[in-house]
Amino acid sequence: MRTRGWLTKLSSRAKRGIWGLSGARPSPDSSSLALLGMTEMFFKRSAQLLALALAVFAVLGAGDESARVNDLGHRMMCVCGCNQILLECNHVGCAYSERMRAELIAAVDRGDNDDLTLQGFVQKYGTTVMAAPTKTGFNRVAWIMPYLVLVLGIAMVAVIVRAWRSRPLVLPAGAVGAVHGAELEHFRAQARKDTEI
Amino acid sequence: MSQIGSFALLLALALCAYSFLAGILALVSKAPSSERLGETARRAGIASFAVVFLAAVVLVVAAFQNDFSIAYIFHHSNRDLPAPYKFATLWSGQEGSLLFWALLLSAYGLVLRLRYKTDVRLFAHASVIIAAVQVFFLLLLNFAANPFGVMQGALPADGTGLNPLLQYPEMVIHPPMLYLGYVGFTVPFAFALAALIMRYPGEKWIQITRRWTMVTWGFLTCGVFLGAHWAYSVLGWGGYWGWDPVENASLMPWLTGTAFLHSVMMQEKRGMLKTWNMWLIFSTFMLSIFGTFLTRSGVVSSVHAFAQSSIGDWFVAFLAIIFATCLFFYVKNRSHLRTEHKLESLISRESSFLFNNLLLLVACFTVLWGTLFPVLSEWVQGTKVTVGPPFFNRVNVPVALLLLLLTAVGPLLAWRRTSVESLKRNFLWPAIGALATGVLLVALGMKPWKDVSYFYSLMTIMLSALVALTVISEFVRGGRVIGRHTGQNLFASMVQLAHRNTRRYGGYIVHFGVIVIMIGFAGSVFNQDKEQEMGFGDKLTIGAYTLVCQSYTQDDNPNYGSEWAVMNVFKDGKQIATLNPERRFYKASQQTSTMVANRSTPQEDLYVVYEGQNPQTGRPIIKVHLNPLVMWIWIGVWIIIAGTIVALIPSAVPVRVPAPARMRAEPVGAGD
């Protein structure tokens, strides 16, 4: 509720700001100084808008606590050895998952941001608590490799295609020679007709 | 009992070793008697099936007779275990499942060796390779993981029982299906290596191999999805795929096998991708072995922790031998694998297959990489990291979407080249239909801008619509042409069309099944769940459903004690079902297990788990998941099975494969 109140205030300010920009239009006979002022005003208002947008996004990100718990809880594993995502561990009486969930909810209630919350869990339970490798240090390799392989694969396919396209056609001994132009199109049309089904 | 089993395994090893050595001698020797020697090798291979079968029967009979003098039976069975699970004891533990591997391999070998007249020399080579694989598994069974090892000391009165997670009907069929898939890839591997060794002329071996691969691929598909269904029904976490290393192990050969089934068509039709296909089938077989290694070695932590041991070194050595053998013969005979044709156009079926293969292999690499990264991380930085669903989903979902796009476009492309006009003509209406589907979904409230998962879900459904429409348009277009000639109605014409080219239209049906599965996956974005302590009369509302707890009941039988809830389900104020989520306590193993109650409809699954009682309050905890579109996944699998069966039926108009001139000139079997 508190968050929503803040959001309302911000959005009402936002409305005033936008409205103010459009309302404070200078007179047509203004001098170049006035034009400079207008430009300055434009940048000032833009900066305000940008700051406002960032603030709104920050508040939006922090606003829905249950969504945050859900998101963070799906980015961590239960460490009891069940190999399940924290929020999906369904062992009643599990020595870890219930305590970890309570700690997660407490961290979100305290207002800890995502990084701080996750770092806290890593410090307490070790790196295996994260459900996916972090994007730091050697762990970056985990994320880069599949894309690298994809790019290399595409490059390899391109090379293969290039080689195939430039390859001279080898005809078996006694085979009919290659046909071109209108004759080839005639054969193609006939083949299409023959193989329509 | 154990002595009969042990003797059978030893005899089987001797027979397979003979089949391997005599087979090689017969193939190498130029002596006139080599033919008879080869025949004895073939017969020894056939006899190995009978002996391995005897060993398997002995183990099953020991389970039924509660022969706890055999350590394996003591650890995986108990007196009160129901009969179907006693039968499943055969593959419930490590030693038994290795015996089951050997049994299935010898059964595949039996079929191959009985059909040797198709091409005597090719089949003789393949038989020797299969015998080599048999020797490996029988060495393991005799010297590292003997299922007939006896208990030391006084005989126990009862066994420790089967793992409760395995006491579920699907576990009686899931492992056999999966193993039929894993083991089955030995046959295409054997044919491919045989063809490479003997520099087999023409593509006949490809036809034989493709058929075997399709059967094997069908089994593996069933096995993978039966495993997913088992996880969904037994593990009780509301999902069907957790990217567990053992699940990944089954997915990897499936991906490379799928790539092979596509790219092999290029070799059949155009004489292209010969090296690629050879290595694809080699990789598929090696990944099958690697999967067994992952399942059995405990090198990575997994929920499938019921079968870990230290036989990993054997598998590593075997994998090294396979790789070295494949590499040796490839280097020796690679000139035989030269491509015969050139690529005429980028807009062609050939290039679509290339990209299809690329994406399938990238997906396979991602799965392999993610599975092994924890080991690599520990090795490099000294700390283990977890690579779980967020990693696999993030990398593989975009790849899957690209694959779906290719599935839609590929069939519309002709071999050699396709004109842009023809592509436009065939693609226009399906594309409009897919876009309309997207617009409709957004109008109905789907917000792809809200989260990337919603975007992926929308794209999946749109691309699935695109594939469905292209498949339907292919059937309708062909059906109309036949209808015009025969005067039959459209449906009869389409049936005839499929019968004329079963491989092509069976393939389309498989594609249709795949998109139905993908739609099922797309539904997971909208999953909801709720957990609540529920006493008598308590209510829980989720989505349009209200669950009212009526009572809790207990029961007891010799195998397990159970406790279950009686929950009435209401929708729009009307009672629509009664569900009984259950929790069991297995006496022999002293372990608990959940039995999920699931009300499944095409729209959604109402999935109810009785999680047990809160230790503090003593009140029962009920967790309810509302999982949309899950039924589509299982329907999709049935469609894939139907498509595979259609593709295996011989076409009414046989598909002609051009053979090179020298192939036609030589008698059958004169491969060398």
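The exercises below work through a predicted model of two chains, A and B.

**Exercise 1. Chain A**

Task: Describe the secondary structure of chain A, and state what percentage of its residues count as buried.

Solution. Begin with the elements: chain A has seven helices and zero strands, so that reading from the N terminus on gives the order α-α-α-α-α-α-α. Turn next to burial, where 16% of the 197 residues of chain A count as buried. Finally, consider the contacts of chain A with a separation of 6 or more, of which 45% are accounted for by residues 24 or more positions apart.

**Exercise 2. The overall form of chain B**

Task: Decide whether chain B is as compact as a globular protein of its length or not, and give its burial and its share of long-range contacts.

Solution. Start from the inventory of elements, which for chain B comprises 20 helices and 10 strands. The globule rule gives 26 Å for 672 residues, and the radius of gyration of chain B is 27 Å, which is close to that value, so chain B is as compact as a globular protein of that length. Along its principal axes, the C-alpha trace of chain B spans about 85 × 75 × 60 Å. As to burial, 51% of the 672 residues of chain B count as buried. Among its contacts between residues at least 6 apart in sequence, 73% join residues at least 24 apart.

**Exercise 3. Domains of chain B**

Task: List the domains of chain B, and characterise the contact between domain 2 and domain 4.

Solution. The domain assignment divides chain B into domain 1 (1-152), domain 2 (163-338 + 354-386), domain 3 (392-517) and domain 4 (526-630). The C-alpha centres of domain 2 and domain 4 of chain B are 37 Å apart. At their contact, six residues of domain 2 of chain B meet 13 residues of domain 4 of chain B, and the residues on the domain 2 side comprise two nonpolar, four polar and no charged.

**Exercise 4. The interface between the chains**

Task: Find which element of chain B gives the most residues to the side that touches chain A, and give the composition of that side by class.

Solution. First count the two sides: 47 residues of chain B are in contact with 35 residues of chain A. Then assign the chain B side to elements, where α13 (349-381), α14 (389-409), α16 (452-486), β9 (604-613) and β10 (620-628) of chain B each supply at least two residues. The most come from α13(B), with 13 residues. By class, the side of chain B that touches chain A holds 27 nonpolar, 15 polar and five charged residues.

**Exercise 5. Strand β10(B) and its partners**

Task: Work out which strands pair with β10(B), in what sense they run, and why β10(B) can be called largely enclosed.

Solution. On one hand, strand β1 (residues 528-533) of chain B runs antiparallel to β10(B) and is joined to it by six bridges; within this pairing, Gln532(B) stands opposite Ile622(B). On the other hand, β9(B) and β10(B) also pair in the antiparallel sense, over nine bridges, and here Val609(B) stands opposite Lys623(B). The hairpin of β9(B) and β10(B) has six residues between the strands, and in it Gly618(B) takes a positive phi near 75 degrees. For the burial, seven of the nine residues of β10(B) are buried, so β10(B) is largely enclosed by the rest of the structure.

**Exercise 6. Checking two helices**

Task: Compare the expected and actual spans of α16(B) and α7(B).

Solution. At 1.5 Å a residue, the 35 residues of α16(B) should span 51 Å, and the end C-alpha atoms are 50 Å apart, which agrees. After α16(B) comes Gly487(B), with a positive phi near 80 degrees. The 15 residues of helix α7 (residues 170-184) of chain B should span 21 Å by the same reckoning, and the end C-alpha atoms, 20 Å apart, agree with this. Buried residues of α7(B) include Met171(B), His174(B), Leu178(B) and Tyr182(B).

**Exercise 7. Positive phi outside glycine**

Task: Locate Asn66(B) and Arg199(B), and say whether each is buried, partly exposed or exposed.

Solution. Most residues other than glycine have a negative phi. Asn66(B), although not a glycine, has a positive phi of about 50 degrees, and it is placed in the loop between α2 (34-64) and α3 (71-76) of chain B. With 18 C-beta neighbours inside 10 Å, Asn66(B) counts as partly exposed, since 20 or more would be needed for a buried residue. Arg199(B) likewise has a positive phi of about 50 degrees without being a glycine, and lies in the loop between α8 (186-197) and α9 (204-235) of chain B. Its 14 C-beta neighbours inside 10 Å make Arg199(B) partly exposed.

Notes: Residues are numbered from 1 along each chain as its sequence is written. Chains are lettered from A and ligands numbered from 1 in the order in which they are written. This is a predicted model: local features need pLDDT of at least 70, side-chain atom pairs count only at pLDDT 80 or more; totals for chains, interfaces and linings use all residues. Domain bounds come from an automatic or database domain assignment. Two residues are in contact if their C-beta atoms, placed from the backbone, lie within 7 Å. Ala, Val, Leu, Ile, Met, Phe, Trp, Tyr, Cys and Pro count as nonpolar, Asp, Glu, Lys and Arg as charged, and the others, Gly among them, as polar. Helices (H or I, at least four residues) and strands (E, at least two) are DSSP runs, numbered from the N terminus. A residue is buried if 20 or more other C-beta atoms lie within 10 Å of its own, exposed if 12 or fewer, and partly exposed in between; C-beta atoms are placed from the backbone. The radius of gyration is taken over C-alpha atoms; the globule rule is 2.2 Å times the number of residues to the power 0.38. Two strands pair if DSSP finds at least two bridges between them. The expected span of a helix is 1.5 Å times one less than its number of residues.
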